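Me: Could you take a close look at one part of this structure with me? I'd enjoy one connected account that starts with the setting and then settles on the part itself.

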Amino acid sequence: MSNKKQSPFEKFDWSDIQKKYVDALNAFNTPKPSMESVWVNAMDDWWKSAKPKSEFEGTNIFEKVLDQCRNYYYMSEQFSNLVEGINKLKSNNENITAFINGKFKDIDSSFFDGSNIFNWNSLAENYAPPNDFMKSAFLDPSAFSNSMPHGSIPGISSIADQFLSSPGLGYSREAQDKAKHAIKLWTDYQQNYQEYQSVMAGLNQDALELMRKRILEMSTNGEDISSIRQMYDLWVDSNEKVYAEYVYTEEYAELNGRLVNSMMAFKKQSQAITEDALSSMNLPTTSSVDELARRHYELRKQMKAMQTEINSLKKQLQQKSNKSEVVKKQEKPTTKRKKKVKKTVASNAASNVIEIKQTKKKPAGNSKSDGKKEKQESRKSSADKGMIELKF
Amino acid sequence: MNPFNIKPENIVNEIHEFNSKLAQGFNTLSELGEIEVGVSEKKAVYKEDSLVLYHFKSRTKTQNSIPLLIVYALVNRPYMADLQDGRSMIQGLLDEGVDVYLIDWGYPVSADRYLTLDDYINGYINNCVDVICEKHKRKNINLLGICQGGAFSLCYTALHQEKVKNLITTVTPVDFHTKGDLLSHMVKDLDIDQIVDTMGNIPGEILNATFLSLKPYTLMGQKYVDLVNILDDKQKTMNFMRMEKWIFDSPDLAGEAYREFIKQFYQQNGLVKGTVEIGDDVVDLGKITIPILNIYARDDHLVPPDASRALEGCVSSKDYQALEFPGGHIGIYVSGKAQKMIPPSVAEWLSDRS
């Protein structure tokens, strides 16, 4: 047995780690396998020549349409191959079924090896949520977003775990810890993302299987498929059905939660690092702007509350003022009228009687005594009720 | 039996036809010009922060004496209720003699991230109601809530019932935990606090993506292949583009309001449990006694019918009526069927209670 002291690095397989590192770097630059199709290429060529130099409102939507047409053309081409293959067979149910099964088996296996004629995986990826919006909406400019790949890097997780377990050193140890924590959160997110993608790929396979069964069922039931578009619709419908069944499960809710939460955790940490960098340059940070927004909000809320209070007080004052105006108006004419009435009563009782008659609508009495009594009652009544009665 | 009744020449013809439509479609799209939305004439009568309260010009000689305030959701834009001539719920209501007001929440900016549901319900909605009451010298008005705006209208009514004469809810979620509520299912395990603390306001794109992910293959793929088939028809293409514009015209959501709404309504199902807190008040739907018309869509994939129908068991209104529309969440406002059914039903129901 050798007495040679064991190197602390001996447990690492450096060549393996280096290989993984180089593979990981290469993964950034390796383009995804594209859909090779004559029809797709023809359409792309046409669009290159037809595309206007200036953008107009319809350009974006047209790009969207073309994206989907690429899928449609690609799928159409593959299905036309399938149809052509079947047409070459002798009219034998067993042969046809076997041929369809074989073709779908090819497609199915393509989800794993990525090298076959169909390349359905990349087709399905165009639909699978939440790729695009997560990249654009969640991973916005930050210390990491531009350098962190969104796809998976094989083997990186174990390397990162080893690296992250080492303690920070020296003057910048806090910054190192923050960065390492961010990388840890990123690898968590990557794992969840890989799992999510894997599940989605599985759903696409299930959808193909459902589609195969439906085609065979149609064959048994004497129904037929008479256009490529019908095939495309069948593919969409099968995918929706399988997807809908899965997303209602607890498993999906948990996975989706884990994916979004891990992404948020990473984003939050990367924000913190960005803020440190900005603070060191004496530049405004999200937190400081948020704090300003919060204070602004509080002040504005207080101001609105005060404005409401002022309006309410103004209203109350106005109401009181209006009331006193009414009382004044009521009082002033009463005094005047009283005087006037008194005067009138004193000077011209006859005219007052007419008024009273109008108000009271008493049956006309002819006797003088009745008239006197009426006048007396009227005066009494007027005094009790104010002049409003007398006005009528 | 061979299930494929397709000859090679048919395939070529089909693709050729599709190609022609696609090429022609490019011309149609380039000639469309600006996509105009919002057809009915209206006037801004009140503004506060990003909010604008609109009053629509009447289209009839006589009108219902009680004005109707439409409370739209914070998600997407309210012109969906007035999309185009002949496809406008508001136009239909105006034609039926309803005096219509509409709250447009606008586009929240980052400074709005601290707005809470209290600000929206006891602040903005209440202020709009006061403005209308004062203008019409009334103590109360009619309220019509759309989707999330319906949930807001219910909260408002529970807290300020004296100001609401009649309440109409359309495709409004009440029970957020019914079977088939995919949105609720998708957010159940999300850490909402972390999302809001990280994002501040919630970007409209995320909400869009969430809605699209309910039916991804149809909404992100098949829809655009379908479009090719109508690209030779300028009018149909324009209709499609209007909807497309509306779908992707998504304002950001004020962070705190989003936090309160998702946690209290979706995750805790607080509206039916009576635990929703708006400001200092707890929303008790059982306090609502005014007449209610609850309209829901039979094929709604965003707010399942059961989520809306639950309202009946939560309120104390003796005058409660439910109306089922045979269509989806958006079709209830823009489809031809809806134009014939919804505005006349609402107008008649209101007229009977005016």
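Reply: Happy to! Let's set the scene with chain A, whose elements run α-α-α-α-α-α-α-α-α-α-α-α-α-α from the N terminus on. That comes to 14 helices and zero strands, where helices (H or I, at least four residues) and strands (E, at least two) are DSSP runs numbered from the N terminus.

Please keep in mind that this is a predicted model, in which local features need pLDDT of at least 70 and side-chain atom pairs count only at pLDDT 80 or more, while totals for chains, interfaces and linings use all residues. Residues are numbered from 1 along each chain as its sequence is written, chains are lettered from A and ligands numbered from 1 in the order in which they are written, and side-chain values use heavy atoms, with hydrogens and water left out.

Of the 392 residues in chain A, 37% are buried; buried means under 20% relative accessible area, exposed means over 50%, and partly exposed lies in between (1.4 Å probe, protein chains only). Among contacts (heavy atoms within 4.5 Å) between residues of chain A at least 6 apart in sequence, 72% join residues at least 24 apart. One such long link within chain A is a salt bridge between the side chains of A:Lys178 and A:Asp276, at 2.7 Å from N to O. It ties helix 8 (residues 173-221), which holds A:Lys178, to helix 10 (residues 250-280), which holds A:Asp276, across 98 residues. By salt bridge I mean a side-chain nitrogen of Lys or Arg within 4 Å of a carboxyl oxygen of Asp or Glu. A:Lys178 is partly exposed at 29%, and A:Asp276 is partly exposed at 37%.

Now to the part I'd like to dwell on: strands 5, 6, 9 and 10 of chain B. Strand 9 (residues 292-297) is a good place to stand. Six of its six residues are buried, so strand 9 is largely enclosed by the rest of the structure. In a regular strand the side chains alternate between the two faces of the sheet. Here B:Ile292, B:Asn294 and B:Tyr296 point one way, B:Leu293, B:Ile295 and B:Ala297 point the other way, and all are buried.

Strand 9 pairs with strand 6 of chain B in the parallel sense over four bridges; two strands pair if DSSP finds at least two bridges between them. You can follow this through B:Leu167, which stands opposite B:Ile292, and through B:Thr170, whose bridge partner in strand 9 is B:Ile295. Strand 9 also runs parallel to strand 10 (residues 320-325), and six bridges join these two. In that pairing B:Tyr296 faces B:Glu324 of strand 10.

Stepping on to strand 6 (residues 164-170), six of its seven residues are buried, so strand 6 too is largely enclosed by the rest of the structure. Besides strand 9, strand 6 pairs with strand 5 (residues 141-146), again in the parallel sense and over six bridges. Here B:Asn142 stands opposite B:Asn166. Strand 5, helix 4 (residues 148-159) and strand 6 together make a right-handed β-α-β unit: with the strands pointing away from the viewer, the path from the first strand over the helix to the second runs clockwise.

Elsewhere in chain B, a loop residue reaches across to chain A. B:Leu115 sits in the loop between strand 4 (100-104) and helix 3 (117-136) of chain B, and is buried at 9% relative accessible area. Leaving aside residues up to four places away in sequence, B:Leu115 touches A:Tyr297 as well as B:Tyr120, B:Tyr124, B:Ala254, B:Glu256 and B:Ala257. The C-alpha atoms of B:Leu115 and B:Glu256 are 5.9 Å apart, although 141 residues separate them along the chain. B:Glu256 also belongs to a network of salt bridges with A:Asp290, B:Arg113, B:Asp193, B:Asp197, B:Arg259 and B:Lys263.

Chain B has another salt bridge worth a glance, between B:Asp95 and B:Arg59, with the closest N and O atoms 2.6 Å apart. It links helix 2 (residues 89-95), home of B:Asp95, to B:Arg59 in the loop between strand 2 (51-56) and strand 3 (68-71), 36 residues away. B:Asp95 is partly exposed at 39%, and B:Arg59 is partly exposed at 45%.
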